[in-house]
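User: Please take a close look at the place where the first two domains of this chain meet. I would like one connected account of what holds the two sides against each other, with the neighbouring architecture for context.

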Amino acid sequence: MKINLKSMKMMNKRMILRYLVENGPTSRMELSRFTKLTPSTIGRIISELSEKALVEEIGYSDKYQIGRKPVNVAVTKKFVSSVVFNVGVEQTTIAIGFFDRSIKEIKRFSTGSLKSFISTVNLSLEDVEKRYPLNHELTSIVFAFPGIVNAKTATVIYAPNLNWRNLNLRDVVKYRYRIIADNEANLSVLAESISSEDAKKSDNTFFLYVSQGIGGGAMINHQILRGSGFAGAEVGHTVVEAQSNIKCHCGNYGCLERYASLVLPVIEYEKNGRILDGKTYPEKFKTLAEFYAKGDKVAIDALEGFIHYLSIGLINIINTFNPEIIIIGGGFNKIWKYFGKSLYQRISDRAMPGVIDNMTFRDTHFDEIEAPVAGANALAIDVMINNLD
Ligand SMILES: [Zn+2]
């Protein structure tokens, strides 16, 4: 068998870069121990990678106490790995991500109509390109969407709450960088699975993305379940009221997201002329949750339907995917903190015996940095490493 030396060398480079992304600064000695490559091979690869400004020497390792401390190597922040647009129904966040997984939020803007959205995206990219070190080979522009996204072609097939269809982002973005798009819940489960200890260990993790709509991201046997038409785990459009005449944007009736999104309890609370603090539904929902925690009767009543239907949605997730962990987040990242006790009680009442005993339910640990943004940068880094030559 002919061994392809070039491809083997590439595999080693990728393995080293992945290790450095995941583990942070590492000495050449540790890299050699982990990869089983000789110290001279490691030395050669590290110099090649540093010539390309992908890695650099940074400080000393504390791991070995005897003798001279070895120098650590780390991935650089000399270029932006991703410019992320986390597209929400009301608001879009722009952030930049780096190779070491750090994130910097740049600004937020009103998502608006498709036309104004595309124009803001292009104008923002012009500004980002001037201010930050973007690189045509290494930087990706990543879009996170509430809806069904063909991740292979970067096409939004359908975003129900925005009513956008067949939007190929590679056609509308004027800049020559790699363009990636994915569903916000898929990116959220990806973010948790690389950064939280429990999700790293879990074979099956579910991220329930609750915002103006409801989405789902299922990591099954460490793979994101996308489905044949990219609509896998779209639990927001499972029916929770079979006789309902409440029509959903998706065309169906009685969908979970028509009953358990952050919108309905806010409308319910405000219907008699009360106004909650906040500009967007998620901001108003936060105010409502605080009233709930203080025992405000009107808030408790306004949230009853939300808690009831969310518990039904959770039971359906449990009975469909049987995950070890269900993580809840999205527009408001403290749902379990405020309503977990009540949700768990209702889930227990309906779950099959033994099924939820070893399950974990929790809020996402992302908050300041939005989970889809962290996932988008992680995906960009992965794609970049796979495309190195
Ligand atoms: Zn629906």
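**The meeting of domain 1 and domain 2**

Analyst: The structure, which is a predicted model, holds 19 salt bridges. One of them is formed by Asp 382 and Arg 18, whose closest N and O atoms are 3.5 Å apart. Asp 382 belongs to helix α13 (residues 371-386) and Arg 18 to helix α1, so this pair ties together parts of the chain that are 364 residues apart in sequence.

To place that pair, it helps to set out the domains. The chain is divided into domain 1 (5-75), domain 2 (80-188 + 371-386) and domain 3 (197-363), and domain 2 is therefore written as two segments, 80-188 and 371-386, in the automatic or database assignment from which the bounds come. Between the C-alpha centres of domain 1 and domain 2 the distance is 31 Å.

Where these two domains touch, seven residues of domain 1 are in contact with eight residues of domain 2. The size of an interface is often given as the accessible area lost when the parts come together. For domain 1 and domain 2 the buried area is about 770 Å², and carbon and sulfur atoms give 64% of that. On the side of domain 1, Arg 14, Arg 18 and Val 21 lose the most area to domain 2, and together they make up 58% of what that side buries.

The polar part of the interface can be listed in the same way. The count of salt bridges between domain 1 and domain 2 is one, and the side chains of Arg 18 and Asp 382 meet in a salt bridge at 3.5 Å, taken from N to O. Three residue pairs are in polar contact between the two domains, with both residues at pLDDT 80 or more. Helix α1 (residues 5-23) gives the most to the side of domain 1 that touches domain 2, contributing five residues. Sorted by class, that side of domain 1 has four nonpolar and three charged residues, and no polar ones.

The strands come next. Three strands form an open sheet in the order β1-β3-β2, with antiparallel pairing, and its edge strands, β1 (26-27) and β2 (55-60), each pair on one side only. Strand β3 (residues 71-75) and β2 pair in the antiparallel sense over four bridges, and within this pairing Val 55 has Val 75 in β3 as its bridge partner.

Another open sheet has five strands in the order β14-β13-β12-β15-β16, and its pairing is mixed. Its edges are β14 (223-224) and β16 (360-363), each with a single partner strand, so one side of each is left without a neighbour in the sheet. Strand β12 (residues 204-210) pairs with strand β13 (residues 214-220) in the antiparallel sense over seven bridges, and Tyr 209 stands opposite Gly 215 in β13.

Conventions
Residues are numbered from 1 along each chain as its sequence is written. This is a predicted model: local features need pLDDT of at least 70, side-chain atom pairs count only at pLDDT 80 or more; totals for chains, interfaces and linings use all residues. Side-chain values use heavy atoms; hydrogens and water are left out. Contact means heavy atoms within 4.5 Å. Buried area is the accessible area (1.4 Å probe) that two parts lose on being put together, summed over both. A salt bridge is a side-chain nitrogen of Lys or Arg within 4 Å of a carboxyl oxygen of Asp or Glu. A polar contact is a pair of N or O atoms within 3.5 Å; within protein, one must be able to donate a hydrogen and the other to accept it, and residues adjacent in sequence count only if both atoms are side-chain atoms. Helices (H or I, at least four residues) and strands (E, at least two) are DSSP runs, numbered from the N terminus. Ala, Val, Leu, Ile, Met, Phe, Trp, Tyr, Cys and Pro count as nonpolar, Asp, Glu, Lys and Arg as charged, and the others, Gly among them, as polar. Two strands pair if DSSP finds at least two bridges between them.
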